[in-house]
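Visitor: I am new to protein structures. Could you take me through the aromatic rings here, slowly and closely?

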Amino acid sequence: GNALVQIGAQGVLVVDTMREEDADQLLAAIKKVAGGKPIRFVVNTHAHADHTGGNLKIAQAGSQLVAGNFSRELGEAGAKSAFIVAHEQVLKTMSAPTGGRAPTPFGAWPTDTFFQAEKDMHFNGEGIQLVYEPAAHTDGDILVFFRSSDVIATGDVFNTNSYPVIDLAHGGHINGVIEALNRIIDLAISEQFTEGGTRIVPGHGRICDEFELVEYRDMVTIVRDRVQAMIRKGMTLDAVRT
């Protein structure tokens, strides 16, 4: 999987923390390029463990940019961990709010959640938009758009290594994936003939531009329409697969 790092005067923001077993390597890579600046924010694009598994170690290696009464409310231990930002559905998935055993440790849970269609952040002198895409790869996917840098982290709504992976058990749907891809196309601005311009970082695979995203969107749409036509013909699952 891919992680994305923004570095500036206020510190470091990390988008997705990869798997738990990748955390040490990711932390070492961040320290190598961060010039001693602290990790202030972790942003999760969704709840899957290959994107949140390193939350605990990466967040605890950072510290929060707080002062005054808020600092006293957090306490010393709380202030020695970066904020973890995600959609509220990610917190629900990671914390098992219905009373079951939580699949992740408390320190890895999002500490700053939102439920609206968008959340705005401003960090290191740059506006950052978190754009919620419901019922896509999961029920808690967000796009992370760095407006000045012209970079979009997509999470797993876009993946150059495989066909879309849709988590039906957690509210995913192919139509939501296509809507999310269309939203990225709306946000991206190409340099010429849909190539160059906005850099698009998929959940897995190489960094892309708008042209490659459009190709992927078209492929997903064609696959959906063909499968729907087969379903209308009454074909079995095995017949569709072949």
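Guide: Gladly; here is a walk through the aromatic pairs, followed by the chain around them. This is a predicted model, where local features need pLDDT of at least 70, side-chain atom pairs count only at pLDDT 80 or more, and totals for chains, interfaces and linings use all residues. Residues are numbered from 1 along each chain as its sequence is written, and side-chain values use heavy atoms, leaving out hydrogens and water.

Rings of Phe, Tyr and Trp (its six-membered ring) pair if their centres lie within 6.5 Å; planes under 30 degrees apart are stacked, over 60 edge-to-face, and the rest tilted. Searching the whole structure gives four aromatic pairs. One of them joins Phe41 and Phe83, which are stacked, at 5.7 Å centre to centre with 25° between the planes. This pair links distant parts of the chain, 42 residues apart: Phe41 sits in strand β3 (residues 39–43) and Phe83 in strand β4 (residues 83–87). Strands (E, at least two residues) and helices (H or I, at least four) are DSSP runs, numbered from the N terminus. Both Phe41 and Phe83 are buried, and together with Phe123 they form one aromatic cluster. Buried means under 20% relative accessible area, exposed over 50%, and partly exposed in between (1.4 Å probe, protein chains only).

Now turn to Phe106, which counts as exposed at 66% relative accessibility. Its ring and that of Trp109 have centres 5.1 Å apart and planes at 65°, so this pair is edge-to-face.

Stepping back, the protein chain has eight helices and 10 strands, and 44% of its 242 residues count as buried.
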